[in-house]
Amino acid sequence: MTESNERIQLRISNKKAYVWDVDDIATLRSKHHICGVLTGTLPHLSQQNVFLGVPLLLLPEEVVLLVEKELAVLVDDPSAHHTPDPLALEKWNDERKRTVQEQIAVAGAKESKEAGRSMTEAAIRKRREREEKRAKRKAQPQGEEDLIPQEPQAPLPPHPQSDRPSTPSSSYTYALLISSSSSSYSWYDASQSTYATIFSAQRAGVWIYPSTLYERARCAVFRDLWEKGYFMGVGIKFGGDFLIYPGDPLRYHSHFVATVIESPVSTLRPMEIVAHGRLGTATKKAHLLCGWDDEKKEVSHLSIEWAGFG
Amino acid sequence: MDQHPSHAVLSPFVSKYPRAASGVFQAYNDLLYAQQWKDLEVVDLPKCSRCGFRGRKAETASHDAVLSVVPCSLSESFSLSWIHSAFEEFGGPQEVYIAITAEDSSIVYYKISQGIVKPPL
């Protein structure tokens with residue numbers, strides 16, 4: 001396992017590989033020209049789709065390549081989380097409480113400093129009155145005949161503030177920090193859940209890809225293009241399997257759209273040539289037919305373009 | 001059909017590869033009369049079960065280059081190995097043009113190049 005520690009850990013969950021560490025994401029992109037797709041959204045902005053963050057989701061072909069090139073290992077993430085013992089849990093809870101207290105202390109100090117400087121006597125008095133009023137209203141919450149019709153209420157659970165001594169009660173808000181990566185937890189131990197080859201991960205049922213001839217062909221084509229120095233992205237926007245970039249997709253347009261053909265004898269229809277060729281020409285990309293020969297273990301490429309006449 | 005001026009040159013291949021006859025006839029006539037190619041010759045492509053053509057474009061900047069064309073009907077299906085054998089039969093040129101013909105006499109040509117060839121700017 002010593003050797004695999006230097007390799008990037010791809011965390012597998014539900015047969016998909018994620019990268020959570022931004023340094024790993026940078027290494028993958030700049031050193032290994034593997035881009036993946038950022039998929040993380042903020043919990044309260046789940047519809048966002050322009051600026052996404054960690055985790056990075058990798059294409060299955062990227063995963064197979066990284067493992068075969070001994071650049072990464074697969075970690076079965078769910079089984080790397082063990083049950084924490086009470087001591088570890090208590091330590092974690094103490095740590096959490098400490099950060100909350102710290103935040104409250106900082107916020108309190110900041111507010112009293114600002115209040116002393118900027119608030120006038122009158123403003124402070126008004127504010128105190130307002131707070132007293134609010135406290136009075138809270139003390140007699142229901143029962144009073146009011147002009148505003150009271151909604152019929154189910155019996156409320158006991159007031160949260162009195163029932164939860166562990167939560168520091170305060171008028172200040174604080175953030176509960178949940179780290180996006182589990183590796184800092186003492187009960188996170190991936191040593192028994194790490195797979196250095198695709199075969200071992202497949203045997204353990206952690207990973208499946210590639211399981212068919214077509215999937216093997218996709219992996220072989222991806223590998224061949226990667227070895228030629230290209231960057232690959234998903235090709236769906238241009239009707240292919242991969243988009244092929246001469247450099248980082250942030251800097252270059254793609255020059256090619258690739259379709260993977262699993263065998264030299266797979267059926268091709270002339271209509272595919274026309275459709276791919278015409279779309280490619282219109283978008284200034286050549287279309288590649290990338291064929292895989294499973295017997296010879298060879299990849300061959302043909303480029304299609306409109307002829308310019310007829 | 002046998003009255004057509006193209007019949008004489010194509011007839012051996014029409015009888016040899018009857019299934020490809022209509023596409024061959026259509027592509028040859030288009031290249032000769034519509035595209036006005038020069039030095040058009042017919043090439044037997046046994047591995048593709050049809051004949052193909054070699055010729056030079058009409059007055060263009062690149063009219064010196066001899067281009068290879070293999071006809072194919074829209075209703076056919078083929079494979080990568082079929083395309084590779086077309087390259088082989090033409091003697092391994094860098095590119096082969098595929099003439100795709102439809103029953104309504106429309107025809108479109110696509111250039112297929114070996115390897116990864118950048119599109120022109």
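**Core, sheet and backbone exceptions in a two-chain model**

Analyst: In this predicted model, the largest nonpolar core has 86 residues, and those touching the most other members are Leu10(A), Leu74(A), Val221(A), Ile244(A), Ala258(A), Ile98(B) and Ala99(B).

User: Which element gives the largest share of this core?

Analyst: Helix H8(A) does, with six residues. On the domain side, the core draws at least three residues from each of domain 1 (1–82 + 189–209) and domain 3 (210–310) of chain A.

User: What is Leu74(A) in contact with, leaving aside neighbours within four places in sequence?

Analyst: Its contacts are Leu10(A), Ile12(A), Ala17(A), Val67(A), Tyr195(A), Ala201(A), Val206(A) and Trp207(A). Leu10(A) is also named with Leu74(A) among the core residues that touch the most other members.

User: Back to H8(A). How many residues does it have, and what span does it reach?

Analyst: H8(A) covers residues 213–227, which is 15 residues. From first C-alpha to last it reaches 21 Å, close to the 21 Å expected at 1.5 Å a residue.

User: Which of its residues are buried?

Analyst: Ala217(A), Arg218(A), Cys219(A), Ala220(A), Val221(A), Phe222(A) and Leu225(A) are the buried ones.

User: And what do those pack against?

Analyst: In chain A they pack against helix H2 (60–68) and five strands: E7 (231–234), E8 (242–245), E9 (256–261), E10 (286–293) and E11 (298–306).

User: What happens just after H8(A)?

Analyst: Gly229(A) takes a positive phi there, about 100°.

User: Sheet next. What is the strand order?

Analyst: The order is E7(A)-E8(A)-E9(A)-E10(A)-E11(A)-E5(B)-E4(B)-E3(B)-E2(B)-E1(B), an open sheet of ten strands with mixed pairing. At the edges are E7 of chain A and E1 of chain B, each pairing on one side only. Neighbouring strands are turned by 30° against each other on average, direction ignored.

User: Which helix of chain B packs on it?

Analyst: Helix H2 (residues 21–34) of chain B packs on the sheet. This helix touches E1, E2, E3, E4 (95–101) and E5 (107–114) of chain B, and its direction makes about 140° with that of E3(B).

User: In what sense do E2(B) and E3(B) pair?

Analyst: Antiparallel, over four bridges, with E3(B) spanning residues 66–73. One bridge partner to look at is Leu67(B) in E3(B), which goes with Gly55(B).

User: Now backbone oddities. Where are the cis peptide bonds that involve Pro55(A) and Pro210(A)?

Analyst: One joins Val54(A) and Pro55(A), with omega about 5°. Pro55(A) is in strand E4 (residues 53–57) of chain A. Another joins Tyr209(A) and Pro210(A), with omega about -10°. Pro210(A) lies in the loop between helix H7 (198–203) and H8 of chain A.

User: What is phi at Glu70(A)?

Analyst: Near 60°, a positive value in a residue other than glycine. Glu70(A) lies in the loop between H2 and strand E5 (72–76) of chain A.

User: Is Glu70(A) buried or partly exposed, and why?

Analyst: Glu70(A) counts as partly exposed because it has 13 C-beta neighbours inside 10 Å.

User: And Ser49(B), what is its phi?

Analyst: Positive as well, about 50°, although Ser49(B) is not a glycine. Its place is the loop between strand E1 (38–45) and strand E2 (50–56) of chain B.

User: Is Ser49(B) buried or exposed?

Analyst: With 12 C-beta neighbours inside 10 Å, Ser49(B) counts as exposed. The cut-off for exposed is 12 or fewer.

Notes
Residues are numbered from 1 along each chain as its sequence is written. Chains are lettered from A and ligands numbered from 1 in the order in which they are written. This is a predicted model: local features need pLDDT of at least 70, side-chain atom pairs count only at pLDDT 80 or more; totals for chains, interfaces and linings use all residues. Helices (H or I, at least four residues) and strands (E, at least two) are DSSP runs, numbered from the N terminus. The expected span of a helix is 1.5 Å times one less than its number of residues. A residue is buried if 20 or more other C-beta atoms lie within 10 Å of its own, exposed if 12 or fewer, and partly exposed in between; C-beta atoms are placed from the backbone. Two residues are in contact if their C-beta atoms, placed from the backbone, lie within 7 Å. Two strands pair if DSSP finds at least two bridges between them. Axes are lines fitted to C-alpha atoms, for helices over the stretch in contact, and angles run from 0 to 180 degrees between N-to-C directions. A nonpolar core is a set of buried Ala, Val, Leu, Ile, Met, Phe, Trp, Tyr and Cys residues joined through C-beta atoms within 7 Å. Domain bounds come from an automatic or database domain assignment.
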